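Subject: A structure for you to look at

Hello,

Here is the structure I promised to pass on to you. Have a look at it first, and then read on for what turned up in it.

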Amino acid sequence: MNDWRDFDPQPALLGDTVALAPLTKADWPALFAVASDPLIWAVHPAHDRWQEPAFARFFADALTSGGCLVIRDRASGAVIGSSRYDRTRVEPGEVEIGWTFLARAYWGGATNREVKKLMIGHALHSFDSTVFYVGEDNIRSRRAMEKIGGELLVGRTPVFEMAGTATRHVVYAMRQPPA
């Protein structure tokens with residue numbers, strides 16, 4: 001347990017309304033079509049990701065990470081977003097889930113909860129905890145984490161460069177999938 005080598009960071013995960021699968025180069029057009037909506041990024045620290053050069057860097061990093069999953073609407077097969085696993089910024093026994101974004105048509109409903117439930121459930125077979133880094137001022141994402149039961153870890157406030165600016169983040173943990 002707690003060993004990246006024993007963990008599949010790009011599983012195929014199937015939920016009631018979403019399907020997650022490893023990101024491939026072929027996903028670029030559909031994923032950029034979703035990401036090119038500026039309102040998705042309006043309160044995000046990387047507020048420029050809707051622009052093609054910024055998203056191209058994000059997409060290249062996602063492919064290189066070896067842990068990115070594309071999210072599809074199960075009924076239509078349409079790409080609706082992505083998320084990923086990472087082990088570079090966490091403490092022992094943890095895996096990070098992050099870089100998640102969804103098309104606005106899927107905000108506020110059960111989609112985020114279902115994606116997180118699938119990803120957390122998969123991760124907890126290999127790790128003790130999942131963690132989520134959220135921009136301190138990204139109230140929408142903070143509310144979403146709290147809505148699905150994320151526990152704010154007081155005292156962990158890393159700073160990451162986002163869109164050319166040093167941005168404080170807060171850290172949430174989940175030790176079981178959302179109900």
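Helices and strands here are DSSP runs, of at least four residues for a helix and at least two for a strand, and they are numbered from the N terminus. With that in hand, the order of elements along the protein, starting at the N terminus, reads β-β-α-α-β-β-β-α-β-α-β-β-β. That makes four helices and nine strands in the secondary structure. Please keep in mind that this is a predicted model.

**The overall picture**

The radius of gyration of the protein is 15 Å, close to the 16 Å that the globule rule gives for 179 residues, so the protein is as compact as a globular protein of that length. If you follow the C-alpha trace along its principal axes, the spans are about 35 × 35 × 30 Å. Of the 179 residues, 48% are buried.

How much of the contact network joins residues at least 24 apart? Counting contacts between residues at least 6 apart in sequence, the share is 64%.

On the outside, the accessible surface comes to about 8,700 Å², and carbon and sulfur atoms account for 53% of that. The protein has 20 positive and 21 negative charges, and the mean positions of the two sets are 3 Å apart.

**The cores**

Next, the inside. The largest nonpolar core has 25 residues, and Leu 20, Tyr 85 and Met 119 are those with the most contacts inside it. Several elements give two or more residues to this core, among them strand 2 (18-22), strand 4 (79-86), strand 5 (94-102) and strand 9 (165-174). Which element gives the largest share of this core? It is helix 3, with five residues.

There is also a second, separate core of 16 residues, which includes Leu 23, Leu 31, Ile 40 and Trp 41.

Met 119 is a good residue to click on. Beyond its neighbours within four places in sequence, Met 119 is in contact with Leu 13, Leu 20, Leu 69, Ser 83, Arg 84, Tyr 85 and Ile 97.

**Four residues to visit**

Let me start with Arg 84, which sits in strand 4. Is Arg 84 buried or exposed? Its relative accessible area is 6%, and buried means under 20%, so Arg 84 counts as buried. Setting aside neighbours within four places in sequence, the contacts of Arg 84 include Phe 58, Asp 61, Cys 68, Glu 96, Trp 99 and Met 119. Cys 68 is 16 residues from Arg 84 in sequence, yet their C-alpha atoms are 4.0 Å apart in space.

From Arg 84 you can step across to Trp 99, one of its contacts. Trp 99 belongs to strand 5 and is partly exposed, with a relative accessible area of 21%. Its backbone deserves a look too. Most residues other than glycine have a negative phi. The phi of Trp 99, however, is positive, near 60°.

Val 134 is part of strand 6. With 7% relative accessibility, Val 134 is buried. Leaving out neighbours within four places in sequence, Val 134 touches residues including Ser 141, Met 145, His 169, Val 170 and Tyr 172. Between Val 134 and Gly 98, which are 36 residues apart along the chain, the C-alpha separation is 8.4 Å.

Finally, go to Ala 179, in the segment after strand 9. Its relative accessibility is 84%, and exposed means over 50%, so Ala 179 counts as exposed. Which residues is Ala 179 in contact with, leaving aside its neighbours within four places in sequence? They are Arg 113 and Lys 117. The C-alpha atoms of Ala 179 and Thr 88 are separated by 28 Å, and the two residues are 91 apart along the chain.

Enjoy exploring, and do write back with any questions.

Best wishes

Technical notes
Residues are numbered from 1 along each chain as its sequence is written. This is a predicted model: local features need pLDDT of at least 70, side-chain atom pairs count only at pLDDT 80 or more; totals for chains, interfaces and linings use all residues. Side-chain values use heavy atoms; hydrogens and water are left out. The radius of gyration is taken over C-alpha atoms; the globule rule is 2.2 Å times the number of residues to the power 0.38. Buried means under 20% relative accessible area, exposed over 50%, partly exposed in between (1.4 Å probe, protein chains only). Contact means heavy atoms within 4.5 Å. Accessible areas come from the Shrake-Rupley method with a 1.4 Å probe; for residues, only the protein chains shown count as cover. Lys and Arg count as positive and Asp and Glu as negative; His and the chain ends are not counted. The place of a charge is taken as NZ of Lys, CZ of Arg, CG of Asp or CD of Glu. A nonpolar core is a set of buried Ala, Val, Leu, Ile, Met, Phe, Trp, Tyr and Cys residues joined through side-chain atoms within 4.5 Å.
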